[in-house]
Amino acid sequence: MGQGSDQKQMTREASVILDRLTKRFGDFVAVGGISLEVARGEIFGFLGPNGAGKSTTIRMLCGLLSPTSGTGTVAGLDIGTQAEKVKQHIGYMSQKFSLYEDLTVEENIDFFSGIYRIPGDKKAARKAWVLQMAGLLDKGKTRTGLLPAGWKQRLSLGCALLHEPPVLFLDEPTSGVDPASRRSFWDLIYDTAGRGVTIFVTTHYMEEAEYCDRLGLIYRGELVAVGTPGELKGHLMSDQVLRVSCSSPQEALERLAALPGIRDVALFGRDLHVVTPDAEAIVPEVRKALASFQVDAVERISPSLEDVFVSIIEARDRAEGAQREVRR
Amino acid sequence: MTFRRTWAVARKESIHVIRDPRALGVSIALPLVLLLLFGYALTLDVDHVPLLLWDQSQTPESRDLGARFTGSPYFDLVAAADSYGDIEDALDHNRALMALVIPVDFGRRVASGRPAEVQVISDGSDANTATIAANYAEAIVQRYSAGLKVKLARRTGTLPPRPPLEVSPRVWFNTDMESMNFIVPGLIAIIMMLIAALLTSLTVAKEWETGTMEQLISTPVRSSEVVIGKLFPYVAVGALDMVLAVLAGRYLFHVPLRGSLLALAAMSMIYLVGALSMGMLISIVTRNQLLASQVAFMATFLPAFLLSGFMFDISNMPKALQLITYLIPARYFVALLRGLYLKGAGPSDLYGEGLFLLAFSVGMVALALKKFKKRLV
C-alpha cells in the first residue's frame, strides 16, 4: 500500500485525517474504510473510475454526508461532531458548476461574501482579488451563465477561496473544460497550495494526476494505492509495459489478448500497451503473433499512471476472483 | 442566526425573482385572473333566466300574468311557443330554461273568480338553478294571485282574509343579499393560499436540481438563515398579490370593506407567511420542482376550496369532515375575511380565528426550519 513511502509526510503537520472512514447506502458500500493523512499545503489527488467513492469521500469530509462509521478530521475539527464548524474552514467546489447563473459575477461574489461574513474592511479587497485571480476584471457585470466553462470554474474557485480557508476540496474541478483552461486552472491550484492551503482534489484525467504531490487510487470504495506519481510508477507496478505500434490495432489487440503471458492489452491512442510480467521474454511472441500485421515498433516503456492503475485494479480483481474460487 | 447572512440570502433570492420576469408576471397576474374567473363564474344569483311563453288563453288576464314574468329582472322572454313540441325543442337546445304555459280557460276562470292553474316547465338538469327559478316563478304567480284576491274582495265588498302568520324578513350584514359580497372575500382567501404555496414551492427544489444547494450547504450558512432569507422576496410578492386582490374586490366586484384595513393587513400577513412556509416545506421535502408544484396545488387548492366553508357550509358537513376542517388554515381566513368585509368585525371578534391562524403560521415556519437539513441525504 505504499505505507513506507508516506513516512516522510507523516512527520509534517496533518491537515486532513481519515480513519477507517466508511459510508454505506443500504447494502451498497460506497466508501469502505479509508485511512489516510494529508499534510498542510499538500496537493492530494484522488484518482479512480466513476462510482469508486471519490465524491462520497469528499462529501463526508465537507460535512455534507455523515459517515456510517470511522472518523475524519479536517483542520483539526471532527467531521462527525463538528460538521458545521468544519464548513467555516473549508472551500468546496462540487462536480457540477454550482454558482447562480442568473446572478452577475459580482453578485455571486457578494453573495458568498455575505454568507462567509467577510468583514466590511476586507470585503472590497477580497472581491478584487477574486476578479483578478479569475481573470474576470472586466466581466463583473456579466451574467455568470453567459461565461465559458473555464471562466466559470475559475470564478467557482474564487468564491470557494473568498474566506481564505486552510483546506480546499475540489471534486473534478476541470470536467468539461478545454485543455488550455485546464492548464491555467492548475496554475491557480499551485498558487493556492503555495500559500499553505491543503488541496484535496479528485480527477479522472490522468495527466492532471501527474500534477499532484501525492495520489490515492480509489477503486470500489477502497484505497488501493497511495504515493507520489513517481513512486506509483516506479515501485508499485510489478509488471512491465510494452508499447506496440502496428496496423489495425483493434484486431491486433484481440490477437495479443489471447497470448499466454500477457496480462492485459489496452488501446492508447493508436498504440497498444501490453502489460506483462516479463517484457524481454514476450517480445518475440508478440512479433510472431503479429506476423500478418505491419508492425512499426515493439518497445518497453516506463508505465504511465493509467497503466499503473489498470495493473493494480487487474491484480486486485484477480485476487478477489481467486478468493471467491477458494470460498466455493 | 445572523442578519448579515440572512440578508445575503434574501438579496440573492430577490434577484432570482426579479431576473425571471415571466414567473414574476405569472405570480402577479394569476391571482387576478383566478379572481375574475371564479368571481364571475361562481355567482350564485340566478337572474335573466331564458323563458318561453305559451299563452293559449290570449286574454287581458293572461297577458297581465305574462308581463309580470317578462318584466321582472329574473326572466328574459326568448320566444313565444305554440306547442309542447316548441317547448321541448327549446329546452333540449338550451335556448330556454323554463317555459310558462297559460291554459285556454285561464282568462275565463280568472275573470269569473274561479280557481285557475298555470304550468311551469323547467329544465331540471341544472337542479340548483331550476329550483331557484321555479321559486321565482312561484313568487310571481303568488303575488299575482294575491292581487286578484284583493280585486275580488273589493268587488264583493268584503275585506280579504288576513293570513294567520306573517314573516317580515330582515337581512343583516349583507343587506342587498349580493352573493358577490359573500363570495369575493372567501375567494381571496382561497386564491392567496394557492398562490403563496406555489410561489415558494420551487425555490428550494430548484436549488437542489441545479446543484447550487450542494454549494450552499457546504458553507457555514444556517438552516434558519436560508429558510427565513428565502421567504423575504416572496412575502413581498404575496403582499402585492393581496393588495391587488383587495383592490379588484373593491373596484371590479364592488364589494365594500366594512372592517379595519389595518386588521385586514395584519391577518393577511400572518396567513401569507404560513402559506408561504407551507410551500417552502413542500419544496424542502420533495427536492423536485415538478412534484413540489403539484403537491402544493393539491395540498392547498382542493382543501381550501371544498373544506374551508367557502363553497359548502361547514355546519352542514358530516361530523368527521367538520373535524378535518379545523386543519384547513383557509377555514380561519375565510371566516376572518367575511367577518371583516361583511360585518365590519373588530379585533375582539377576530382573535379566536386569528389565534388559530397564528398557530398555523408559526407551525409551518417551525416545520420548514426543522425539515431543512444541511445534508445531502
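**Chain B, from one helix outward**

On helix 3 of chain B, the face turned away from the buried side carries the exposed residues B:P60 and B:A67, where a residue counts as exposed if 12 or fewer other C-beta atoms lie within 10 Å of its own, as buried if there are 20 or more, and as partly exposed in between, with C-beta atoms placed from the backbone. This is a predicted model, in which local features need pLDDT of at least 70 and side-chain atom pairs count only at pLDDT 80 or more, while totals for chains, interfaces and linings use all residues. Residues are numbered from 1 along each chain as its sequence is written, and chains are lettered from A and ligands numbered from 1 in the order in which they are written.

The buried residues of helix 3 of chain B, which spans residues 60-70, are B:S62, B:L65, B:G66 and B:F69. Because these residues cover an arc of only 100 degrees around the axis, they lie on the same side of helix 3 of chain B; the arc is that of the directions from the helix axis to the C-beta atoms. Among the elements of chain B that cover them are strand 1 (49-55), strand 2 (75-80), helix 5 (106-111) and helix 6 (127-156).

Turning to the whole chain, chain B has 15 helices and four strands, these being DSSP runs numbered from the N terminus (helices H or I, at least four residues; strands E, at least two). An automatic or database assignment divides chain B into domain 1 (3-42 + 178-371) and domain 2 (49-156), and the centres of these two domains, taken over C-alpha atoms, are 49 Å apart. Along its principal axes, the C-alpha atoms of chain B fill a box of roughly 95 × 45 × 40 Å.

The largest nonpolar core, a set of buried Ala, Val, Leu, Ile, Met, Phe, Trp, Tyr and Cys residues joined through C-beta atoms within 7 Å, has 146 residues, and those with the most contacts inside it include A:F169, A:F200, B:I190 and B:M192. Helix 7 of chain B (residues 179-201) gives the most to this core, with 16 residues. A second, separate core of 24 residues includes B:W54, B:A96, B:L97 and B:V110.

Where the two chains meet, the contact takes 21 residues from chain A and 21 residues from chain B, two residues being in contact if their C-beta atoms, placed from the backbone, lie within 7 Å. On the chain A side, helix 4 of chain A (residues 105-115) supplies the largest share, four residues.
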